[in-house]
Every structure is written in C-alpha cells, then in structure tokens.
Amino acid sequence: MEEQSWLFTIGGITFDGTVVIMTVLTCLLVFAIVYFCSRNLQMKPKGKQNVLEYIIDFVRGIVSDNVQKKEVAQYHLLAFTFFMFILVSNLLGLVIKITILPDDVTLWKSPTADPLVTLTLALTAIVLSNYYGIRKQGIKNYFVNSFMKPTAILLPIKLIEEFTNVLTLGLRLYGNIFAGEVLLSLIANLGASSPTKFILALPLEVIWQTFSLFIGAVQAFIFVTLMMVYISHKVETEEH
C-alpha cells in the first residue's frame, strides 16, 4: 500500500506536515546531541566528548582533503552542520514507523526520504559554492575562472553542469534513503502477514536495518564530500 504524508493548508498553500515535523525534529536532535556532548568539556576527553570530537575530526578530514589548509576553518562548521543534519535525517526513519489507518498516512519518516528536502539541500550547497567563489574572486574573475576556462566554448556546458550537479547531488541522497525505507516497510508487512513469515522477516529486518545504518552514514559522507569538492572548484580556480 502506498504511504501518504500528512498534509495541511495555510493561506491556500499545501504543506507536507510529516516532512515539516520531521525536519524540525531533526534540527532539535542535532542541537540536543551537540549540546549534550559538549557539556563539561575536559582536556582529556572521554565518553560523549570523545564521540563529538571524533565526528568533528572526521568532518575536518573531509574538508582538509578538498580545500587549502589555510581555509579549512572557514568551511569546517558548514560541513559539520550539513553532515550532522543529513546523518540524523537518514537514520531517523529507521527507528520506528508511525501511520494512521485506514488511509495509511505516515507521520514518521526520514526527511531525506523526500526529494524536495534533498534537492533543497543540494541547491543550497551549489548556491553556497558559487557564493564563496564570488566572495573570494570577485564576480568577473569568478565568472571567467568558473565558466570560461579553458575555453569560452564550454560556457553552455558549464552552466548546464550547475543544474545537473543539483539533481545528481539531491536525487542520489533521496534515492538511497527512500529505497531503504521502502524495503524496510515491505519486510515489516511480510512479517505482519503471518506468524511463519514473521520468523523469516525478523532476521531480514535486522540485517537490512543494520545495512541501512551504514548506507545512511555513507550518504552523509558522500554528500558533504561532494559539496566540498564543488566549493573547492569555485574558490581555487583563480590560481590556474
């Protein structure tokens, strides 16, 4: 059965209430995780502080692999914010499933299982990459370095590339997370159909949920890595 989101209308505009709630919840969870792990910081980290510092160092590694060393601090917080939001969003839909019968309206799913959310994240990343390029090089040098080199003939292709980067970045994330949640739902429905099938479905659910945790983390890593690649292309071309 096809799942439906909870919709509501304000001023004639229809909103996806499920996505809105889950996006707000994701923001609150990211804030809560960072707040909780950063309380009572010590010179010799342990426990929750170790977890936070590991994530910070991991994201710093992604940034330093793609931009000049002197600019790592400038983009580190941006990359950390994107990574935490996408990671928590990807994992949120694996925890539980809340639906209202008989219309099967779902009230709980990963925000990144919605294409509008992932495309918005991708568009934000591409817009920011262009913004940083303009800020560093000025509009004229940015345009020449980004779209007119090595030859002006490539201008149409490079403009189209900006559009395709948004699509590939957003739809890759959406496709992986959405497919994972669909398969989890199918396995759950299989297990609910009969006691015999439940015995078969239980280990399948555990295996796929574990795999989905891995995929969720990998997709957050891929998204932030590509975002930093796009930013590095925009801010470093002046030296070519």
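Modeller: Before we start, buried here means under 20% relative accessible area, and exposed means over 50%. Keep in mind that this is a predicted model.

Biologist: Fine by me. Which residues of α4 are buried?

Modeller: Going by that under 20% cut-off, quite a list comes up in α4. It starts with Val-117, Thr-118, Leu-121, Ala-122, Ala-125 and Ile-126. The rest of the buried set is Ser-129, Asn-130, Tyr-132, Gly-133 and Gln-137.

Biologist: And what covers the buried residues of α4?

Modeller: Other helices come into it, with contact taken as heavy atoms within 4.5 Å. The cover includes α1, α3 (72-95), α5 (139-147), α6 (155-193) and α7 (195-236).

Biologist: How far apart are the end C-alpha atoms of α4, and what span should its residues give?

Modeller: α4 has 23 residues, and the reckoning is 1.5 Å a residue. The expected span takes one less than the number of residues, so the prediction for α4 is 33 Å. The end C-alpha atoms agree with that, being apart by 33 Å.

Biologist: Now Thr-112: is that residue buried or exposed?

Modeller: Thr-112 sits in the loop between β5 (105-106) and α4 (115-137). Its contacts beyond four places in sequence are Ser-89, Asn-90, Thr-118, Leu-121, Leu-173, Tyr-174 and Ile-177. With a relative accessibility of 0%, Thr-112 is buried.

Biologist: What separates the C-alpha atoms of Thr-112 and Ile-177?

Modeller: Along the chain these two are 65 residues apart. Ile-177 is also among the residues in contact with Thr-112. Their C-alpha atoms are separated by 6.6 Å.

Biologist: I always ask about cysteines. How many disulfides are there in the whole structure?

Modeller: A disulfide needs two cysteine sulfur atoms within 2.5 Å. The sulfur of Cys-27 has its closest cysteine sulfur in Cys-37, 17 Å away, so that is too far for a bond. Cys-27 is partly exposed at 42% relative accessibility, while Cys-37 is buried at 8%. The search of the whole structure gives a disulfide count of zero.

Biologist: On to the surface. Which element gives the largest share of the nonpolar patch?

Modeller: The patch covers about 530 Å² and is made by Ile-10, Ile-13, Phe-15, Val-20, Val-24 and Leu-28. Two elements give two or more residues to it, β3 (13-16) and α1 (17-37). With three residues, the largest share comes from α1.

Biologist: What is the relative accessible area of Val-20?

Modeller: Val-20 lies in helix α1 and is one of the patch residues. To join a patch, a residue needs over 30% relative accessible area. Val-20 is partly exposed, at 37%.

Notes. Residues numbered from 1 in each chain as written. Predicted model: local features only at pLDDT ≥ 70, side-chain atom pairs only at ≥ 80, totals over all residues. Heavy atoms only, no water. Patch = residues over 30% accessible without salt bridge, like charges linked within 9 Å, V, L, I, M, F, W, Y side chains within 5 Å. Areas by Shrake-Rupley, 256 points an atom, 1.4 Å probe, with all protein chains shown as cover. Salt bridge = Lys/Arg side-chain N within 4 Å of Asp/Glu carboxyl O. Helix = DSSP H or I, 4+ residues; strand = E, 2+ residues; numbered from the N terminus. Buried < 20%, exposed > 50% of the residue type's maximum accessible area, 1.4 Å probe, protein only.
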